[in-house]
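Student: Could you take me through the surroundings of the bound ligands in this model, with particular care over the position that carries a binding annotation?

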Amino acid sequence: MEKVSIGLLGFGTVGTGVVRLLTKERERLEARTGCTIQLKKVLVRNKNRPRKVLIDNRNLTTNAAEVLDDPEIDIIIELMGGIDEAYRYILRALNHKKHVITANKDLMASYGDELLMEAKKNHCDLYYEASVAGGIPILRTLTDSLAADRIQKMIGIVNGTTNYILSKMSHEGLSYEKALSSAQALGFAEADPTSDVEGLDAARKMVILSHLAYSIPVKLDDVKITGITDVTREDIIYAGKLGYTIKLVGISEVNNGAIDVRVEPTLLPDGHPLASVENENNAIYVYGTALGETMYYGPGAGEGPTAVSVMSDLLSVIRNMALGVTGNHIFLPKREMHTRKESLVESQFFVRLHIKDEPGSFSRLTDLFKEQGISLEKLYQEPITGQDAAEVSIVTHRTNKVLFEKSFEIMKKLDVVLNAKYFRVERG
Ligand SMILES: NC(=O)C1=CN([C@@H]2O[C@H](COP(=O)(O)OP(=O)(O)OC[C@H]3O[C@@H](n4cnc5c(N)ncnc54)[C@H](OP(=O)(O)O)[C@@H]3O)[C@@H](O)[C@H]2O)C=CC1
Ligand SMILES: N[C@@H](CC=O)C(=O)O
Ligand code: NA
(Lines give C-alpha, C1' and ligand atoms only; values in the text may rest on other atoms or scores of the structure.)
(Ligands and ions follow the chains in the order given, each with its own letter.)
Protein backbone atom coordinates (compact mmCIF):
# COMPACT_ATOMS: atom_id res chain seq x y z
CA MET A 1 0.00 0.00 0.00
CA GLU A 2 1.71 3.19 -1.17
CA LYS A 3 -0.95 5.75 -0.52
CA VAL A 4 -4.22 6.23 1.39
CA SER A 5 -6.67 8.99 0.49
CA ILE A 6 -8.86 10.64 3.03
CA GLY A 7 -12.09 12.59 2.73
CA LEU A 8 -12.89 14.90 5.62
CA LEU A 9 -16.50 15.81 6.42
CA GLY A 10 -16.33 19.01 8.50
CA PHE A 11 -13.53 21.51 9.02
CA GLY A 12 -14.46 23.14 12.34
CA THR A 13 -12.68 22.78 15.69
CA VAL A 14 -11.80 19.09 15.41
CA GLY A 15 -11.37 19.09 11.63
CA THR A 16 -8.86 21.93 12.00
CA GLY A 17 -6.98 19.91 14.62
CA VAL A 18 -6.84 16.92 12.31
CA VAL A 19 -5.49 18.95 9.38
CA ARG A 20 -2.96 20.65 11.68
CA LEU A 21 -1.70 17.30 13.03
CA LEU A 22 -1.56 15.79 9.59
CA THR A 23 0.46 18.75 8.32
CA LYS A 24 2.82 19.08 11.30
CA GLU A 25 3.41 15.38 11.87
CA ARG A 26 3.26 14.17 8.29
CA GLU A 27 6.78 12.79 8.18
CA ARG A 28 6.40 10.85 11.43
CA LEU A 29 2.93 9.55 10.56
CA GLU A 30 4.00 8.41 7.13
CA ALA A 31 7.12 6.74 8.51
CA ARG A 32 4.90 4.90 10.97
CA THR A 33 2.33 3.75 8.44
CA GLY A 34 4.75 3.26 5.58
CA CYS A 35 2.45 5.08 3.16
CA THR A 36 1.62 8.56 1.91
CA ILE A 37 -1.48 10.06 3.53
CA GLN A 38 -3.37 12.31 1.14
CA LEU A 39 -6.15 14.63 2.28
CA LYS A 40 -8.14 14.65 -0.93
CA LYS A 41 -11.39 16.48 -0.19
CA VAL A 42 -12.91 18.45 2.68
CA LEU A 43 -16.67 18.97 2.94
CA VAL A 44 -17.83 22.25 4.51
CA ARG A 45 -21.03 24.26 4.61
CA ASN A 46 -19.44 27.56 3.60
CA LYS A 47 -16.35 27.60 1.38
CA ASN A 48 -15.70 31.29 2.03
CA ARG A 49 -15.43 31.06 5.79
CA PRO A 50 -11.92 32.01 6.98
CA ARG A 51 -10.01 28.90 8.15
CA LYS A 52 -7.41 28.60 10.89
CA VAL A 53 -5.10 26.36 8.90
CA LEU A 54 -4.06 26.67 5.33
CA ILE A 55 -5.29 24.06 2.88
CA ASP A 56 -5.52 24.06 -0.88
CA ASN A 57 -8.86 25.79 -1.53
CA ARG A 58 -9.50 23.45 -4.45
CA ASN A 59 -9.87 20.62 -1.92
CA LEU A 60 -12.84 22.33 -0.23
CA THR A 61 -16.31 21.40 -1.41
CA THR A 62 -19.90 21.88 -0.36
CA ASN A 63 -20.99 18.86 -2.38
CA ALA A 64 -20.99 15.70 -0.24
CA ALA A 65 -21.05 13.44 -3.32
CA GLU A 66 -17.61 14.71 -4.34
CA VAL A 67 -16.23 13.15 -1.18
CA LEU A 68 -18.47 10.15 -0.58
CA ASP A 69 -18.59 8.91 -4.15
CA ASP A 70 -14.93 9.48 -5.05
CA PRO A 71 -13.56 5.98 -5.75
CA GLU A 72 -10.04 7.13 -4.86
CA ILE A 73 -10.98 8.00 -1.28
CA ASP A 74 -10.34 5.08 1.10
CA ILE A 75 -11.23 6.61 4.47
CA ILE A 76 -13.91 9.10 5.52
CA ILE A 77 -13.40 11.14 8.69
CA GLU A 78 -16.77 12.52 9.83
CA LEU A 79 -16.40 15.67 11.98
CA MET A 80 -19.58 17.57 11.07
CA GLY A 81 -21.74 16.62 14.02
CA GLY A 82 -25.53 16.24 13.97
CA ILE A 83 -27.42 13.03 13.39
CA ASP A 84 -29.44 12.76 10.17
CA GLU A 85 -26.93 13.91 7.56
CA ALA A 86 -24.00 12.31 9.36
CA TYR A 87 -25.92 9.00 9.47
CA ARG A 88 -26.72 9.11 5.74
CA TYR A 89 -23.18 10.10 4.79
CA ILE A 90 -21.54 7.40 6.91
CA LEU A 91 -23.90 4.75 5.60
CA ARG A 92 -23.18 5.84 2.04
CA ALA A 93 -19.42 5.79 2.70
CA LEU A 94 -19.61 2.26 4.16
CA ASN A 95 -21.68 1.05 1.24
CA HIS A 96 -18.95 2.40 -1.04
CA LYS A 97 -16.49 0.26 1.01
CA LYS A 98 -14.84 3.24 2.64
CA HIS A 99 -13.60 2.99 6.21
CA VAL A 100 -15.03 5.55 8.61
CA ILE A 101 -13.75 7.43 11.64
CA THR A 102 -16.11 9.67 13.57
CA ALA A 103 -16.16 11.82 16.72
CA ASN A 104 -19.94 11.92 16.68
CA LYS A 105 -21.43 10.66 19.97
CA ASP A 106 -24.92 11.91 19.09
CA LEU A 107 -24.88 9.44 16.23
CA MET A 108 -22.99 6.58 17.86
CA ALA A 109 -25.12 6.59 21.03
CA SER A 110 -28.29 6.04 18.98
CA TYR A 111 -27.16 4.26 15.81
CA GLY A 112 -23.78 2.83 16.82
CA ASP A 113 -24.73 -0.84 16.64
CA GLU A 114 -26.50 -0.46 13.33
CA LEU A 115 -23.55 1.36 11.75
CA LEU A 116 -21.00 -1.07 13.18
CA MET A 117 -23.02 -3.93 11.72
CA GLU A 118 -23.09 -2.19 8.34
CA ALA A 119 -19.33 -1.64 8.56
CA LYS A 120 -18.74 -5.32 9.26
CA LYS A 121 -21.01 -6.32 6.39
CA ASN A 122 -18.89 -4.18 4.05
CA HIS A 123 -15.58 -5.39 5.56
CA CYS A 124 -14.92 -1.83 6.68
CA ASP A 125 -13.60 -0.34 9.89
CA LEU A 126 -15.65 2.13 11.91
CA TYR A 127 -13.72 3.74 14.77
CA TYR A 128 -15.03 6.43 17.15
CA GLU A 129 -12.52 6.97 19.97
CA ALA A 130 -12.93 10.77 19.90
CA SER A 131 -16.66 10.49 20.58
CA VAL A 132 -16.17 9.92 24.32
CA ALA A 133 -13.89 12.02 26.53
CA GLY A 134 -12.03 13.70 23.64
CA GLY A 135 -8.35 12.86 23.99
CA ILE A 136 -8.65 10.10 26.61
CA PRO A 137 -8.27 6.66 24.99
CA ILE A 138 -11.18 5.23 26.97
CA LEU A 139 -12.94 3.21 24.26
CA ARG A 140 -9.73 1.36 23.41
CA THR A 141 -9.15 0.81 27.12
CA LEU A 142 -12.57 -0.77 27.62
CA THR A 143 -12.49 -2.89 24.47
CA ASP A 144 -8.83 -3.97 24.67
CA SER A 145 -7.01 -3.38 27.94
CA LEU A 146 -9.94 -4.20 30.27
CA ALA A 147 -11.62 -6.79 28.06
CA ALA A 148 -10.73 -9.66 30.39
CA ASP A 149 -12.35 -8.08 33.44
CA ARG A 150 -16.01 -7.77 34.41
CA ILE A 151 -16.81 -4.07 34.82
CA GLN A 152 -19.33 -3.25 37.56
CA LYS A 153 -19.47 0.52 37.61
CA MET A 154 -18.15 3.63 35.90
CA ILE A 155 -18.26 7.17 37.22
CA GLY A 156 -17.28 9.81 34.74
CA ILE A 157 -16.85 13.48 34.18
CA VAL A 158 -17.39 13.16 30.45
CA ASN A 159 -18.41 16.63 29.32
CA GLY A 160 -15.65 19.22 29.02
CA THR A 161 -17.93 22.24 28.59
CA THR A 162 -19.90 21.77 31.81
CA ASN A 163 -16.79 20.88 33.80
CA TYR A 164 -15.16 24.04 32.45
CA ILE A 165 -18.21 26.13 33.40
CA LEU A 166 -18.43 24.71 36.93
CA SER A 167 -14.65 25.15 37.44
CA LYS A 168 -14.74 28.78 36.32
CA MET A 169 -17.81 29.49 38.48
CA SER A 170 -16.10 27.85 41.48
CA HIS A 171 -12.59 29.24 41.27
CA GLU A 172 -12.80 32.46 39.31
CA GLY A 173 -16.27 33.62 40.29
CA LEU A 174 -17.36 33.74 36.63
CA SER A 175 -21.08 33.87 35.92
CA TYR A 176 -22.64 30.83 34.22
CA GLU A 177 -23.19 32.88 31.02
CA LYS A 178 -19.59 34.17 30.85
CA ALA A 179 -18.15 30.71 31.50
CA LEU A 180 -20.35 29.20 28.78
CA SER A 181 -19.33 31.81 26.18
CA SER A 182 -15.70 31.19 27.04
CA ALA A 183 -16.17 27.41 26.58
CA GLN A 184 -17.80 28.13 23.21
CA ALA A 185 -14.98 30.45 22.13
CA LEU A 186 -12.44 27.76 23.02
CA GLY A 187 -14.27 25.23 20.83
CA PHE A 188 -15.33 22.86 23.64
CA ALA A 189 -19.09 23.30 23.33
CA GLU A 190 -21.38 21.60 20.83
CA ALA A 191 -22.78 23.66 17.94
CA ASP A 192 -25.92 23.88 20.09
CA PRO A 193 -24.58 23.98 23.68
CA THR A 194 -27.98 22.95 25.07
CA SER A 195 -26.89 19.34 24.78
CA ASP A 196 -23.83 20.11 26.92
CA VAL A 197 -25.50 22.10 29.68
CA GLU A 198 -28.63 19.94 29.85
CA GLY A 199 -26.59 16.77 30.27
CA LEU A 200 -27.55 15.08 26.99
CA ASP A 201 -23.99 15.02 25.63
CA ALA A 202 -22.73 13.34 28.82
CA ALA A 203 -25.68 10.90 28.70
CA ARG A 204 -24.80 9.90 25.14
CA LYS A 205 -21.23 9.24 26.20
CA MET A 206 -22.40 7.14 29.17
CA VAL A 207 -24.56 5.11 26.75
CA ILE A 208 -21.52 4.41 24.54
CA LEU A 209 -19.37 3.51 27.55
CA SER A 210 -22.08 1.22 28.95
CA HIS A 211 -22.44 -0.66 25.65
CA LEU A 212 -18.72 -1.31 25.56
CA ALA A 213 -18.26 -2.09 29.24
CA TYR A 214 -21.21 -4.43 29.80
CA SER A 215 -22.50 -5.32 26.35
CA ILE A 216 -25.95 -4.24 27.52
CA PRO A 217 -28.06 -2.38 24.93
CA VAL A 218 -28.71 0.75 27.00
CA LYS A 219 -30.88 3.32 25.24
CA LEU A 220 -30.65 7.07 25.72
CA ASP A 221 -34.24 7.01 27.02
CA ASP A 222 -33.10 4.72 29.84
CA VAL A 223 -30.74 7.40 31.19
CA LYS A 224 -32.00 9.77 33.87
CA ILE A 225 -30.61 13.15 32.89
CA THR A 226 -30.28 16.44 34.77
CA GLY A 227 -27.99 19.19 33.50
CA ILE A 228 -26.25 22.09 35.22
CA THR A 229 -28.57 24.95 34.26
CA ASP A 230 -29.96 25.17 37.80
CA VAL A 231 -26.59 25.05 39.56
CA THR A 232 -25.79 28.46 41.06
CA ARG A 233 -22.62 29.94 42.49
CA GLU A 234 -24.29 29.80 45.91
CA ASP A 235 -24.81 26.04 45.54
CA ILE A 236 -21.10 25.70 44.78
CA ILE A 237 -20.11 27.92 47.72
CA TYR A 238 -22.31 26.16 50.29
CA ALA A 239 -21.35 22.70 49.06
CA GLY A 240 -17.74 23.87 49.49
CA LYS A 241 -18.39 24.89 53.10
CA LEU A 242 -19.36 21.29 53.86
CA GLY A 243 -16.30 19.90 52.03
CA TYR A 244 -17.78 19.06 48.62
CA THR A 245 -17.26 20.03 44.98
CA ILE A 246 -20.18 20.04 42.49
CA LYS A 247 -19.51 18.26 39.18
CA LEU A 248 -21.71 17.01 36.37
CA VAL A 249 -21.22 13.30 36.85
CA GLY A 250 -22.30 10.31 34.77
CA ILE A 251 -22.81 7.04 36.64
CA SER A 252 -23.36 3.67 35.05
CA GLU A 253 -23.74 0.72 37.34
CA VAL A 254 -24.76 -2.92 37.09
CA ASN A 255 -26.07 -4.31 40.32
CA ASN A 256 -28.27 -7.31 41.21
CA GLY A 257 -29.18 -7.96 37.58
CA ALA A 258 -30.25 -4.38 36.87
CA ILE A 259 -28.55 -1.43 35.22
CA ASP A 260 -28.70 2.17 36.33
CA VAL A 261 -27.33 4.99 34.17
CA ARG A 262 -27.72 8.61 35.21
CA VAL A 263 -26.19 12.01 34.61
CA GLU A 264 -26.67 14.71 37.21
CA PRO A 265 -24.90 17.50 39.10
CA THR A 266 -23.39 15.63 42.02
CA LEU A 267 -21.50 16.59 45.16
CA LEU A 268 -18.14 14.84 45.38
CA PRO A 269 -16.19 14.90 48.65
CA ASP A 270 -13.20 17.22 48.13
CA GLY A 271 -10.83 14.26 48.53
CA HIS A 272 -12.54 12.23 45.76
CA PRO A 273 -10.20 11.80 42.76
CA LEU A 274 -12.88 13.20 40.42
CA ALA A 275 -13.30 16.36 42.54
CA SER A 276 -9.95 17.74 41.38
CA VAL A 277 -10.68 17.28 37.65
CA GLU A 278 -10.80 20.88 36.45
CA ASN A 279 -11.72 22.87 33.35
CA GLU A 280 -12.26 20.90 30.13
CA ASN A 281 -10.53 17.85 31.54
CA ASN A 282 -12.50 14.62 31.83
CA ALA A 283 -11.96 11.50 33.89
CA ILE A 284 -13.57 8.09 34.02
CA TYR A 285 -13.36 6.00 37.15
CA VAL A 286 -13.82 2.31 36.36
CA TYR A 287 -14.58 -0.44 38.92
CA GLY A 288 -13.48 -3.83 37.60
CA THR A 289 -14.18 -7.06 39.47
CA ALA A 290 -10.63 -8.40 39.28
CA LEU A 291 -8.67 -5.24 38.54
CA GLY A 292 -10.30 -3.02 41.16
CA GLU A 293 -10.44 0.74 40.65
CA THR A 294 -8.68 2.56 37.81
CA MET A 295 -9.05 6.12 36.60
CA TYR A 296 -8.46 7.55 33.13
CA TYR A 297 -7.84 11.27 33.02
CA GLY A 298 -7.06 13.93 30.43
CA PRO A 299 -8.41 16.66 28.15
CA GLY A 300 -12.00 15.83 27.23
CA ALA A 301 -12.58 18.45 24.54
CA GLY A 302 -10.77 20.87 22.27
CA GLU A 303 -8.99 20.88 18.97
CA GLY A 304 -5.65 19.20 19.72
CA PRO A 305 -6.70 16.42 22.14
CA THR A 306 -9.71 15.37 20.08
CA ALA A 307 -7.66 15.38 16.89
CA VAL A 308 -5.15 13.01 18.52
CA SER A 309 -7.91 10.45 19.10
CA VAL A 310 -9.16 10.83 15.52
CA MET A 311 -5.66 10.45 14.13
CA SER A 312 -4.94 7.40 16.29
CA ASP A 313 -8.07 5.82 14.83
CA LEU A 314 -6.72 6.71 11.40
CA LEU A 315 -3.45 4.93 12.14
CA SER A 316 -5.40 1.85 13.30
CA VAL A 317 -7.43 1.80 10.10
CA ILE A 318 -4.32 2.15 7.93
CA ARG A 319 -2.65 -0.68 9.88
CA ASN A 320 -5.72 -2.89 9.42
CA MET A 321 -5.82 -2.08 5.71
CA ALA A 322 -2.16 -3.02 5.34
CA LEU A 323 -2.74 -6.29 7.20
CA GLY A 324 -6.00 -7.00 5.33
CA VAL A 325 -8.01 -7.29 8.56
CA THR A 326 -10.51 -4.44 8.31
CA GLY A 327 -14.15 -4.90 9.31
CA ASN A 328 -13.41 -7.18 12.23
CA HIS A 329 -15.44 -5.42 14.86
CA ILE A 330 -16.27 -7.89 17.64
CA PHE A 331 -19.96 -8.14 18.54
CA LEU A 332 -20.37 -9.62 21.97
CA PRO A 333 -23.67 -11.35 22.74
CA LYS A 334 -26.01 -8.71 24.15
CA ARG A 335 -27.12 -9.12 27.75
CA GLU A 336 -30.69 -7.87 28.15
CA MET A 337 -31.14 -6.20 31.51
CA HIS A 338 -33.90 -4.07 33.01
CA THR A 339 -33.19 -0.65 34.46
CA ARG A 340 -32.94 -0.43 38.22
CA LYS A 341 -36.18 0.72 39.88
CA GLU A 342 -35.91 4.17 41.49
CA SER A 343 -37.31 2.61 44.67
CA LEU A 344 -34.09 0.59 44.97
CA VAL A 345 -31.70 3.52 44.52
CA GLU A 346 -29.89 4.66 47.68
CA SER A 347 -27.70 7.71 48.12
CA GLN A 348 -26.69 10.59 50.32
CA PHE A 349 -28.30 13.93 49.51
CA PHE A 350 -27.33 17.57 49.94
CA VAL A 351 -30.23 19.89 50.70
CA ARG A 352 -29.89 23.66 50.47
CA LEU A 353 -32.69 25.83 51.77
CA HIS A 354 -33.66 29.23 52.99
CA ILE A 355 -35.77 29.23 56.13
CA LYS A 356 -37.41 31.93 58.19
CA ASP A 357 -34.91 33.12 60.79
CA GLU A 358 -37.16 32.61 63.82
CA PRO A 359 -37.03 30.41 66.91
CA GLY A 360 -37.89 26.78 66.20
CA SER A 361 -37.43 26.92 62.40
CA PHE A 362 -34.35 24.77 62.35
CA SER A 363 -35.78 22.12 64.67
CA ARG A 364 -38.86 21.84 62.40
CA LEU A 365 -36.49 20.61 59.71
CA THR A 366 -34.53 18.21 61.86
CA ASP A 367 -37.76 16.87 63.40
CA LEU A 368 -39.14 16.17 59.93
CA PHE A 369 -36.07 14.21 58.87
CA LYS A 370 -36.22 12.29 62.17
CA GLU A 371 -39.90 11.43 61.65
CA GLN A 372 -39.09 10.16 58.14
CA GLY A 373 -36.24 8.01 59.44
CA ILE A 374 -33.53 9.95 57.57
CA SER A 375 -30.43 10.67 59.62
CA LEU A 376 -28.23 13.67 58.95
CA GLU A 377 -24.46 13.68 58.56
CA LYS A 378 -23.66 17.39 58.24
CA LEU A 379 -25.49 20.63 58.97
CA TYR A 380 -24.60 24.24 58.33
CA GLN A 381 -26.62 27.35 59.12
CA GLU A 382 -25.92 31.06 58.80
CA PRO A 383 -28.14 34.14 58.80
CA ILE A 384 -28.64 35.94 55.49
CA THR A 385 -27.66 39.57 56.06
CA GLY A 386 -30.45 42.08 55.65
CA GLN A 387 -33.20 39.45 55.54
CA ASP A 388 -35.19 37.63 58.20
CA ALA A 389 -33.97 34.40 56.75
CA ALA A 390 -31.21 31.85 57.24
CA GLU A 391 -29.21 29.77 54.81
CA VAL A 392 -29.21 26.07 55.70
CA SER A 393 -27.20 23.26 54.13
CA ILE A 394 -27.72 19.63 55.10
CA VAL A 395 -26.06 16.40 54.03
CA THR A 396 -28.07 13.28 54.83
CA HIS A 397 -26.69 9.85 55.55
CA ARG A 398 -27.29 7.22 52.88
CA THR A 399 -31.00 6.78 52.41
CA ASN A 400 -33.61 5.49 49.99
CA LYS A 401 -34.11 7.94 47.09
CA VAL A 402 -37.90 7.64 46.99
CA LEU A 403 -38.17 8.15 50.74
CA PHE A 404 -35.85 11.15 50.51
CA GLU A 405 -37.84 12.72 47.68
CA LYS A 406 -41.12 12.25 49.55
CA SER A 407 -39.61 13.91 52.65
CA PHE A 408 -38.19 16.73 50.55
CA GLU A 409 -41.65 17.48 49.13
CA ILE A 410 -43.12 17.60 52.65
CA MET A 411 -40.25 19.82 53.78
CA LYS A 412 -40.79 22.31 50.94
CA LYS A 413 -44.36 22.82 52.14
CA LEU A 414 -43.38 23.67 55.75
CA ASP A 415 -44.33 27.31 56.45
CA VAL A 416 -40.80 28.05 57.71
CA VAL A 417 -39.21 26.96 54.43
CA LEU A 418 -38.85 29.75 51.84
CA ASN A 419 -37.17 27.73 49.09
CA ALA A 420 -35.25 24.47 48.80
CA LYS A 421 -33.29 22.33 46.34
CA TYR A 422 -31.25 19.18 46.52
CA PHE A 423 -28.40 17.32 44.82
CA ARG A 424 -27.10 13.77 45.04
CA VAL A 425 -23.89 13.17 46.97
CA GLU A 426 -21.36 10.55 45.83
CA ARG A 427 -19.46 8.57 48.44
CA GLY A 428 -15.75 9.30 48.93
N1 LIG B 1 -15.18 20.29 19.80
C2 LIG B 1 -14.77 19.31 20.59
O3 LIG B 1 -14.02 19.52 21.55
C4 LIG B 1 -15.24 17.92 20.33
C5 LIG B 1 -16.15 17.64 19.35
N6 LIG B 1 -16.55 16.35 19.14
C7 LIG B 1 -17.47 16.04 18.06
O8 LIG B 1 -16.80 16.27 16.83
C9 LIG B 1 -17.72 16.70 15.84
C10 LIG B 1 -17.26 18.04 15.28
O11 LIG B 1 -17.22 19.00 16.31
P12 LIG B 1 -16.59 20.45 16.10
O13 LIG B 1 -15.38 20.36 15.27
O14 LIG B 1 -16.51 21.05 17.43
O15 LIG B 1 -17.76 21.16 15.27
P16 LIG B 1 -17.74 22.56 14.52
O17 LIG B 1 -19.11 23.12 14.62
O18 LIG B 1 -16.60 23.39 14.97
O19 LIG B 1 -17.46 22.17 12.98
C20 LIG B 1 -18.38 21.51 12.18
C21 LIG B 1 -17.84 21.49 10.76
O22 LIG B 1 -18.71 20.72 9.95
C23 LIG B 1 -19.17 21.47 8.84
N24 LIG B 1 -20.56 21.08 8.67
C25 LIG B 1 -21.53 21.01 9.61
N26 LIG B 1 -22.68 20.58 9.07
C27 LIG B 1 -22.44 20.40 7.76
C28 LIG B 1 -23.24 19.98 6.67
N29 LIG B 1 -24.51 19.67 6.85
N30 LIG B 1 -22.66 19.88 5.45
C31 LIG B 1 -21.37 20.21 5.28
N32 LIG B 1 -20.56 20.62 6.28
C33 LIG B 1 -21.10 20.70 7.50
C34 LIG B 1 -19.00 22.93 9.20
O35 LIG B 1 -18.80 23.67 8.02
P36 LIG B 1 -18.46 25.26 8.04
O37 LIG B 1 -17.08 25.36 8.64
O38 LIG B 1 -18.49 25.70 6.63
O39 LIG B 1 -19.50 25.88 8.90
C40 LIG B 1 -17.75 22.86 10.09
O41 LIG B 1 -16.59 22.92 9.30
C42 LIG B 1 -19.07 16.73 16.52
O43 LIG B 1 -19.71 15.50 16.33
C44 LIG B 1 -18.71 16.90 17.99
O45 LIG B 1 -19.70 16.41 18.87
C46 LIG B 1 -16.06 15.30 19.88
C47 LIG B 1 -15.15 15.52 20.86
C48 LIG B 1 -14.69 16.86 21.20
N1 LIG C 1 -19.05 19.39 23.82
C2 LIG C 1 -18.27 18.27 24.21
C3 LIG C 1 -17.13 18.08 23.26
C4 LIG C 1 -16.48 16.79 23.44
O5 LIG C 1 -17.08 15.72 23.38
C6 LIG C 1 -17.73 18.50 25.61
O7 LIG C 1 -17.78 19.64 26.06
O8 LIG C 1 -17.29 17.54 26.23
NA1 NA D 1 -11.71 9.09 23.76
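Tutor: What follows looks at the two ligand shells and then at the annotated residue. The model is a predicted one, and its ligand 1 is surrounded by 28 residues, the closest being Gly-10, Gly-12, Gly-81, Ala-103 and Ala-301. By class, this shell holds eleven nonpolar, twelve polar and five charged residues, and the element that gives the most to it is helix α1 (residues 13-24), with three residues. Because domain 1 (3-131 + 303-323) and domain 2 (138-301) both give residues to the shell, ligand 1 lies between them.

Around ligand 2 stand Gly-134, Asn-159, Gly-160, Thr-161, Phe-188, Ala-189, Glu-190, Asp-196, Asp-201, Gly-300 and Ala-301, a set made up of three nonpolar, five polar and three charged residues. Ala-301 thus belongs to the shell of ligand 2 and is also among the closest residues to ligand 1.

Glu-190, a member of the ligand 2 shell, is the position at which UniProt, in an unreviewed entry, places the feature "binding site". Along the chain, Glu-190 sits in the loop between α8 (176-185) and α9 (194-197). Since 19 other C-beta atoms lie within 10 Å of its own, and a buried residue would need 20 or more, Glu-190 counts as partly exposed. When its neighbours within four places in sequence are left aside, Glu-190 is in contact with Gly-81, Ser-195, Asp-196 and Asp-201. Of these partners, Asp-196 and Asp-201 also surround ligand 2, whereas Gly-81 is one of the closest residues to ligand 1.

Definitions and conventions. Residues are numbered from 1 along each chain as its sequence is written. Chains are lettered from A and ligands numbered from 1 in the order in which they are written. This is a predicted model: local features need pLDDT of at least 70, side-chain atom pairs count only at pLDDT 80 or more; totals for chains, interfaces and linings use all residues. A residue is near a molecule or strand if its C-beta atom, placed from the backbone, lies within 6 Å of it. Helices (H or I, at least four residues) and strands (E, at least two) are DSSP runs, numbered from the N terminus. Ala, Val, Leu, Ile, Met, Phe, Trp, Tyr, Cys and Pro count as nonpolar, Asp, Glu, Lys and Arg as charged, and the others, Gly among them, as polar. Domain bounds come from an automatic or database domain assignment. UniProt positions are given in the numbering used here, feature names are shortened, and annotations may be inferred rather than shown by experiment. A residue is buried if 20 or more other C-beta atoms lie within 10 Å of its own, exposed if 12 or fewer, and partly exposed in between; C-beta atoms are placed from the backbone. Two residues are in contact if their C-beta atoms, placed from the backbone, lie within 7 Å.
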